[in-house]
Amino acid sequence: GEPPGAPPPVTPDIPHTCLTLPAGGGERSAMPALPPGPPSARGASCAKTLRAALADTELRPEVLHIVGVGLAELSLDWQTLAGGLSPGARVVLVGPHALEAGAREELLGPQDRCGLRVSVFPHTYQRYVTHFPEAEDPQFVALFHPGLDIHFFTWYPCIKTWADSKIPVLVTAYKMPEGIGEQPSTVQKLLEVLVGTGGGAGLWVLEPENEHSADDGIFNAGYFVFLGSQGVLSVHPDDIYVHLHCALKDVGHPFAPRVGYLDVDDAGAAATRQPELLAAIAEGALRGAKASDAGCTDELAAQFAGTVLDLVMGSGSGAAWRNSRHQRMVCDKCGEGFDSAKWHAATCPAEGRSRLATGDRVVLAKMPKPELNGRQGVLQRFDAARQRWVVRMAGDRDCLWKASMLDPDPEAPAAVPAARASSAAEGPAAAVEVAAAAEDQATEEAEPPAATAEQAAPCTARPPAGAGAAVAGGAVEEAEEEEPAAARLPAASAARLPGRDSRSTRAEPCLRSLRELLASVDPTLAENAILVERLLAWRQA
């Protein structure tokens, strides 16, 4: 949420990994000069806040990533910031708003700013990492007013990657006038639920009142730093949706994140694109409801989504969404809905440096072990549960590889499949099909994928638990060269929330609040014996 009259919010970006280009390496282009003149008031606030956070953590990083860059970050007080970093530190500014000329998939710079080497990648963080998978890890990441509540689905993979890698992350918050919208307490509660607090992991620094704020205490009103997580974060954000919804509801903040970008090209257009906005919010609620209860029906999920819309967008919004004829396009690879094919491609985990599609012949490229580069394979399908391509390698062995490690075989250029839209017969109220997290350990083998069924589904968010982990010719293997075994996660593991060892102890508030929400729609729903039985079974699991 932005205060009235403020510039459009910066759209967040998703990484596959969290890396930064090695000093002096990689492909670079000439960089337009950063804005000349003295720093802006917001730029000075960002620099002072970041330096205060570094002092709190007693860190002097050599590599800093600032993600979701807008005008404030481009007009930083570089002299102040340089005092908190190591001499000659490398700073990478990433975000599609980093250049007035628009997004470009080029690394620009570096330029010298007060002894710092500053580079700019004016596109999404996902595209940056895809182009430079061989780069080194950042030592600190800064997110200024990222809007975690609104863009939760977009930010979650980013947060998970940084938490798993134990990279400290600074997050600042607005303080909206009259208590409407985002508050520091909202950001604090959201981070507490995601990564936990205390015990040497999770929330590290809490400053709900920032003395370096701007705009009369509105901009960068508070700041927080987290390092790692107290628990293993689930692969998918769906698994924690209901828990976050209940936690933020307790602090008076309605949680209704949207799925996909709606405000990259024109942030002001969202207000006039009501059907698109309602559908984007509803898709998140549908996915969250399905993930929270394996037995949740499409109708029950739709009722929950309608309740969320009424709470956030006003009474009658749920009915307006149900009655709308708006059809979202759905990616036939990752299964996520979107309204802009251009911007979905910029964040889709199935996209490599070039477009990839089932049946494409590919070669391994930019691998951690160079001897693997050049090995050939054929794309079988994208495994949305593991965020990897299933690749048929030599000897009919199927392996899982990140898109950033695959290039099209020069002898057989890849074709780009068109995104498909939901069936008009299903309508926007058709629930997004999401598999419930039902397994507690990783599995190497599973049933063969039902390609026909997946293609027929109008809005498939991700394949059923365990489905498609093997194909004809042998079980899928997650290549050891790609990442250490400790970093792998189950294809459909139960969500493990930070700071808790038992799922049953944290399920009760979600169960109770979900009942309350359903009761607000129809009192008989909360007393439905079948529903209660399913909810209790989910709680025990």
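**Exercise 1. Which residue of β4 stands opposite Q111?**

*Before you start.* This is a predicted model, in which local features need pLDDT of at least 70 and side-chain atom pairs count only at pLDDT 80 or more, while totals for chains, interfaces and linings use all residues. Residues are numbered from 1 along each chain as its sequence is written, and side-chain values use heavy atoms, with hydrogens and water left out.

*Solution.*
- Step 1: Find β3 (108-113) and β4 (residues 116-121). Strands (E, at least two residues) and helices (H or I, at least four) are DSSP runs, numbered from the N terminus.
- Step 2: β3 and β4 run antiparallel and are joined by 4 bridges; two strands pair if DSSP finds at least two bridges between them.
- Step 3: Opposite Q111 you will find V118.
- Step 4: Now look at the turn. This hairpin has 2 residues between its strands, and C114 has a positive phi near 55°.

**Exercise 2. Place the strands in their sheet and say which stand at the edges.**

*Solution.*
- Step 1: Write down the order of the 8 strands, β3-β4-β2-β1-β5-β6-β8-β7; the sheet is open and its pairing mixed.
- Step 2: β3 and β7 are at the edges; each has a single partner strand, so one side of each lacks a neighbour in the sheet.
- Step 3: On average, neighbouring strands are turned by 20° against each other, direction ignored.
- Step 4: Add two helices. α1 (residues 41-57) lies across β1, β5, β6, β7 and β8, at about 45° to β8, and α5 lies across β1, β5, β6 and β8, at about 155° to β5. Axes are lines fitted to C-alpha atoms, for helices over the stretch in contact, and angles run from 0 to 180 degrees between N-to-C directions.

**Exercise 3. Check the span of α1 and decide whether it is enclosed or open.**

*Solution.*
- Step 1: The expected span is 1.5 Å times one less than the number of residues. The 17 residues of α1 should therefore span 24 Å, and the end C-alpha atoms are indeed 24 Å apart.
- Step 2: Count the buried residues (under 20% relative accessible area; exposed is over 50%, partly exposed in between, with a 1.4 Å probe and protein chains only). There are 12 of 17, so α1 is largely enclosed by the rest of the structure. Among them are C46, L50 and L54.
- Step 3: Just past the helix, E58 has a positive phi of about 60°.

**Exercise 4. Do the same for α6 and find what covers its buried residues.**

*Solution.*
- Step 1: α6 (residues 184-195) has 12 residues and reaches 16 Å, close to the 16 Å expected.
- Step 2: Of these 12 residues, 9 are buried, including V187, L191 and V195.
- Step 3: Their cover includes α5, β6, β7, β8 and α7.
- Step 4: G196 follows α6 with a positive phi near 80°.

**Exercise 5. Describe the surroundings of D409.**

*Solution.*
- Step 1: D409 is in the loop between β15 and β16, and counts as buried at 2% relative accessibility.
- Step 2: Beyond four places in sequence, D409 is in contact (heavy atoms within 4.5 Å) with R361, V362, V363 and Q376.
- Step 3: The side chains of D409 and Q376 make a polar contact at 3.1 Å. That term means a pair of N or O atoms within 3.5 Å; within protein, one must be able to donate a hydrogen and the other to accept it, and residues adjacent in sequence count only if both atoms are side-chain atoms.
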